[in-house]
Amino acid sequence: MDRWTGKVAVVTGASSGIGLAAVKELVKAGMIVVGLARRAERVEALKSDLPEDSRDRLHAVKCDITKEEDILNSFKWIEDKLGGVDVLINNAGVAVGETNLIAAGNTETIRKTLDTNVVGLVLCTREAYQSMKKQSFDGHIVHINSVAGHKVPPLPGYNIYSASKFAVTAITETLRQELRAEGTKIKVTSISPGAVDTELLSPQFKEAGIPTLEAGDIADAIIYVLSTPPRVQVHELTIKPVGEGF
């Protein structure tokens, strides 16, 4: 991780779960970290849990990634204040287990899922790439995907969630090809966890006794893929809890 010391990492959906765990580990690794979140105050509050000499390396920025204006303003702030983006962790996501695809009146849920999990991810990726290009820096873009982005699990009510994560799988490969065509050595990685015990986890998982991962397990995976040598690109990393049946 030495090459990342003092570099800028942006984490979306940083106020809880995997995002919050990633913020902690990246700060610990010596990076300057910008946590984007609708609940930016929760990211700001994290400073009290950090060693005093590292608190000034954490910045909380209010951002709803379903709103392009928020994304543009956030990345402009990062460029103006910190010089640009070196690492992007596309973590923000929603998993709404309430309605089926064919249920009446589910339009809002469908749009929210796609706007967050797909459109927001692509727009943040675009802005991060433009920043890396401007700096002539070969950074790293990490997408927090899901095992549901490779196989549709039998989970009633998850609507278009799996389709949104299948899109992330395709976007990861599309981005790899585009970055290669541009002649850059910017890396892109998809990390696909099984069920993770966070605020997004549906109660049906616990009720059914389905094994889960912890947010810290995924944060550790982020550190791993970032710590690989420049010649190594971990394209897809799948992490399942022991005993998962999907």
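## A salt-bridge tour

Start by selecting Glu44: with a relative accessibility of 37%, this residue counts as partly exposed. Keep in mind as you click around that you're looking at a predicted model.

Now add Lys47 to the selection. Its side chain meets that of Glu44 in a salt bridge, at 3.2 Å from N to O. Lys47 has 21% relative accessibility, so it lands in the partly exposed class; the buried class is for values under 20%.

Next stop: helix 5, which covers residues 161-181. Pick out Arg176 and Glu173, both in this helix and 3 residues apart, or about one turn. Show the side chains and you'll find a salt bridge between Arg176 and Glu173, 2.9 Å from N to O. How exposed are these two? Arg176 is partly exposed, at 30% relative accessible area, and Glu173 is partly exposed too, at 25%.

From there, jump to a trio: select Glu68, Arg126 and Glu127, which are joined into one network by salt bridges that share partners. Zoom in on Arg126 and Glu127, where the closest N and O atoms of the salt bridge sit 2.8 Å apart. Is Glu127 buried or exposed? Glu127 has a relative accessible area of 18%, so it counts as buried, the cut-off being under 20%. Its partner Arg126 comes in at 34% and is therefore partly exposed.

Want to keep hunting? How many salt bridges does the count come to? The answer is 7, and the pairs Lys47–Glu44, Arg176–Glu173 and Arg126–Glu127 are among them.

Conventions: Residues are numbered from 1 along each chain as its sequence is written. This is a predicted model: local features need pLDDT of at least 70, side-chain atom pairs count only at pLDDT 80 or more; totals for chains, interfaces and linings use all residues. Side-chain values use heavy atoms; hydrogens and water are left out. A salt bridge is a side-chain nitrogen of Lys or Arg within 4 Å of a carboxyl oxygen of Asp or Glu. Buried means under 20% relative accessible area, exposed over 50%, partly exposed in between (1.4 Å probe, protein chains only). Helices (H or I, at least four residues) and strands (E, at least two) are DSSP runs, numbered from the N terminus.
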